Amino acid sequence: MPQLPSPLRRLLPLSQTLAAATPAPLLHLSRRLFSSSSSPSPSPSPRAACLRALAYRGGQAGGGGRRGHHNHLLRRGNSTLGKRSKEKMGGGGGGGGGGGGGEAELAFNKTRAEGKDGRKGRSMELKSRKLNPINTICYVQHKGVYSGFPLPVEDQKYYVVRILGTGMDTQDTSPSILLFFDKQRFIFNAGEGLQRFCTEHKIKLSKIDHIFLTRVCSETAGGLPGLVLTLAGIGEEGMSVNIWGPSDLDFLASAMRSFIPNRAMLHTHSFGVEQNVSSSQSKDATVIVDDEVVRISAMFVKPRYNKEASCLNDSNLKPGDTAIIYACELPELKGKFDPAKAAALGLKPGPKYRELQLGNSVQSDAFDKMVHPRDVLGPSIPGPTVLLVDCPTKYHMHELFSLQSLIRFYEDSSEQAGSPKKVNCVIHLGPSSVTEALDYQNWMRKFGATQHIMAGHEIKNMEIPILKGSARISSRLHFVCPHLFPSSGFWPVEPINDVDSEKNKVSSLQACESVSAANLLKFHLRPYAQLGLDRSSIPSLTTYGDIVDELLSEIPEIKEVPEQISKFWQSNSVGKHMLMVEEPWITENSSVCNFVDENSNSGKLQDGTPLRASGWRKHPKDTPDIPCCVENATREDMEITFLGTGSSQPSKYRNVSSIYINLFTQGGILLDCGEGTLGQLKRRFGVSGADDAVKSLKCIWISHIHADHHTGVARVLALRSKLLKGVPHKPLLVIGPRPLERFLNAYSTLEDLDMQFLDCRQTLKPSIEAFLSDNATESATSQLGSTIFAPGSKMENYSRKPASPRDTTALTNLKDVLHESGLEVLYSVPVLHCPQAFGVVLRAKEKVSSAGKAIPGWKVVYSGDTRPCPALVDASRDATVLIHEATFEDSMKDEAIARNHSTTKEAIAVGTSAGAYRIILTHFSQRYPKIPVFDEVDMQKTCIAFDLMSVNLADLPVLPKVLPHLKLLFKDEMVVDESDEIQEAVM
């Protein structure tokens, strides 16, 4: 093969390199290395800049002076590719002369693709904070008194309980409770969306010392995996946090270790009760934390589904059913120190004052007697107490009301010789269907004059968005283009039709006095003078109209944009056969295809390099024709809704990866299901609409095992199982990498997931085509030669062995799913990111028009996370829509290579080379919180995805025309505004 003289060398199939007998590590070469030692290189065209970084096999670079150019290898940060070992620099020096003889390949991080790039030696040490041994006592200098004299000015301390309203608006997860001290932070429950909530409200998770779970299930712990990984990515050594829960926590920890290999990331502590004794009979709570600042104890509540059997013998119990009641008790406040009494007892100001303040007796300076703390201190003030009560179902109420360990907190308690322990605040986490029951309200009265805060799901909270930043963006996008952004970020309260809850609902006269929780509502514990509720931090109520008024005031010229955009749909509906007028900037073409010599049939690049027939094929410069499937589409055929378009971890404006393929009457499919997917479904379709979407799901497909792509699966599966309980249905098919099955199987010990798993490696195109054609003799493994799992390659070990009977059953289920969904085929495509990383192809069945004409079905391709690779290009041939990740901007190509992601221009090049009709970019780095950086001249048939954007099949012709108008929304916001909050997760 001739030596590569410029960056315009075409990219060849990766499988040929991996299948070679002597594979060698790949080298990244900067643009200057492409100059020939024998002749100068022609100047590359400006539009070729996107291809400046290619990779060579190690043996290519020998001779011809190429080795001398290794000094020009430049990497960003601690990129894996920048670590040049002798093995990478060596590699057989054949070829001689000009240093050619090898095949040029697309640059990628091979070590990461093989799963060998984990950061070693990271300790993930727990934080250790020095506590204040004098509780709330501060030291100040007081006029006329020795400077070391301790005065009980505890009023300067700030101890508070704070409601973190995760899930309040979407009813999809349990709210979290933050217990805040000057030296310690405790969070109770970590449901999905906690990270995103804390980012918006600038609550630093790195300051959290302990997390407590009231139950171990997806509703209360769905955010834990992502949170643990985020903490592990902070700093050089990473951070961790203590996680506490009942013995069921061991099942969750075991499940999480299937994709969190570093044990140091998980510091879990489980506690439990003796199996032969009912928890309600125990008079003593389990003490978890007992230090100078707070004492936290736990009480167990198990449901009783069978009234005839005890809760311990109930066969319907699952480990995740156990609920925990937490009691948080602060120590008493020492009485005020009286200097006059101390002086009268012969004490001089000094260290002895401090000893008395600490509770120690001292010898009098003037008299032969001991001075005791009670002699100089006023009466002590009892420390405040907070109870967190989680009663998730009516089946838990009997056990809750019978708890012996709670009796000491009741106002009329006869268990103690003195007065009962005063409870200042009880936070109720159960749903309103439970807490509004008459029996529950009567039980609440036992605490006397206590502040009750109802923090469970209440319908009235749905109209107040918790993620105000995201709602603001959704409202602005909805105003500009309601066709693509149907959700305004606000929705009216939906009525409920719960007959049981209405029957048991108490009247206002019967109800115990309480307040409804609000987002960021506080209850002050100290200073003692401020004990009680504080509503000052509750966000002000904002409406959709307020946001639109703000937008028009900020960008007056945007007022005309909605009308301009609506004309695109009007012209599209007049006649789909009409060729649409393109925007001026759309006529420019900077795609990779233009690098092909359009005037020649010789199959060569513009620089004369031969174009491999099996590589990236030539396509027309412009493809104005609308595909038949789009031209004849109805609005009930297919719609793509982006539930998460960010990467790595949830951010203020973008959730992590999830795409909902809405097939309307034929169900729906989820492509990836990152944390918060269920909440996003509810923001897009409403609470009841999302429930309908979950019930009608046909399949969930997961691209790879990184947490930002799958940690929302358990929550969706658990809700579906609950919604369909008692209704005949099939288990939901989940297709994904094998490690995901280990996670879901371990997790199913806690909750009914009601799913059937199928390995992605059993859904490669040869396997699926053979199975669908009933050609069972043609094994999938015999057809791997054209993939990156080719025999002899480094990736061969990741190829799947012949299908097991379980896989065959799942494949049969997949066949039924395809038939019910109106799909002709669904198959996975190996891509370049990490072990067992895949893209997916969905193709609908052929339709027949009213005139009897056959109309080909639409084709949607989703890349997952990947470097641009020929396998995906081949799979995307003539796709109706290619959804491709574009994690980095074009200037960060080195970073994209190091992490095996794609840049914007690379993603567009893949779609252009494949002849895709429309390209939608997603999975943007959180460096770009609102809109990514891109070059308009590349956006000929491309659109940027936003959270909650819905793209109907019938709307594809107008899609690229909308983007310039959307940019007007963010004209001053094309840079990061959260840089101080973004952390690179370990994924």
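In which loop is the place of Pro 527? Select residues 522-534 to find out: Pro 527 sits in the loop between β21 (522-526) and β22 (532-534). The model on screen is a predicted one.

**Stop 1: the loops around β21**

Keep Pro 527 selected and add Arg 526. The peptide bond that joins Arg 526 and Pro 527 is cis, with omega at about 10 degrees. Display the backbone atoms of this pair to see the bond.

Next, select Leu 520. This residue is in the loop between β20 (515-516) and β21. Leu 520 is not a glycine, yet its phi is positive, at about 70 degrees. Its relative accessibility is 5%, and Leu 520 therefore counts as buried, the cut-off being under 20%.

**Stop 2: another positive phi**

Move to Gln 836, in the loop between β29 (823-830) and β30 (838-844). Here too a residue other than glycine has a positive phi, near 55 degrees. Gln 836 is buried, with a relative accessible area of 10%.

**Stop 3: a helix under cover**

Select residues 224-232, which form helix α6. How many of the residues of α6 are buried? The count is 9 of 9, so the helix is mostly covered, taking buried as under 20% relative accessible area. Label the side chains from the start of the helix: Leu 224, Pro 225, Gly 226, Leu 227 and Val 228 are among the buried residues. Leu 229, Thr 230, Leu 231 and Ala 232 are also on that list.

To see what covers α6, add its neighbours to the selection. The buried residues of α6 pack against the helices α4 (194-200), α5 (218-221) and α7 (249-256). They also pack against two strands, β9 (210-212) and β10 (242-246).

**Stop 4: a helix pair**

Now show residues 468-480, helix α14, together with residues 544-554, helix α16. The two axes are 9 Å apart and the packing angle is about 70 degrees. Angles of 65 to 115 degrees count as roughly perpendicular, so α14 and α16 fall in that class. On the α14 side, the contact is made by Ala 471, Arg 472, Ser 475, Arg 476, His 478 and Phe 479. On the α16 side, the residues are Tyr 544, Ile 547, Val 548, Glu 550, Leu 551, Leu 552 and Glu 554. Colour the contact residues by type: 7 are nonpolar, 2 polar and 4 charged.

**Stop 5: Thr 904**

Go to helix α27 (residues 904-914) and select Thr 904. Thr 904 is buried, with a relative accessible area of 3%. Which residues does Thr 904 touch, leaving aside those up to four places away in sequence? Show Ala 886, Phe 888, Glu 889 and Asp 890, and then Leu 921, Val 933 and Phe 934.

**Stop 6: two cysteines**

Select Cys 425, which is buried at a relative accessible area of 0%. Then select Cys 869, which counts as buried at 2% relative accessibility. With a disulfide taken as a pair of cysteine sulfur atoms within 2.5 Å, the count is 0.

**Last stop: the whole chain**

Zoom out to all 987 residues, of which buried residues make up 58%. The chain has 28 helices and 37 strands. Among contacts with a separation of 6 or more, 72% are between residues 24 or more positions apart. Switch on the surface: the accessible area of the chain comes to about 38,700 Å², and 51% of this belongs to carbon and sulfur atoms.

Terms used: Residues numbered from 1 in each chain as written. Predicted model: local features only at pLDDT ≥ 70, side-chain atom pairs only at ≥ 80, totals over all residues. Heavy atoms only, no water. Helix = DSSP H or I, 4+ residues; strand = E, 2+ residues; numbered from the N terminus. Buried < 20%, exposed > 50% of the residue type's maximum accessible area, 1.4 Å probe, protein only. Contact = heavy atoms within 4.5 Å. Areas by Shrake-Rupley, 256 points an atom, 1.4 Å probe, with all protein chains shown as cover. Axes fitted to C-alpha atoms, helices over the stretch in contact; angles between N-to-C directions. Parallel < 35°, antiparallel > 145°, perpendicular 65-115°, else oblique. Nonpolar A, V, L, I, M, F, W, Y, C, P; charged D, E, K, R; others polar.
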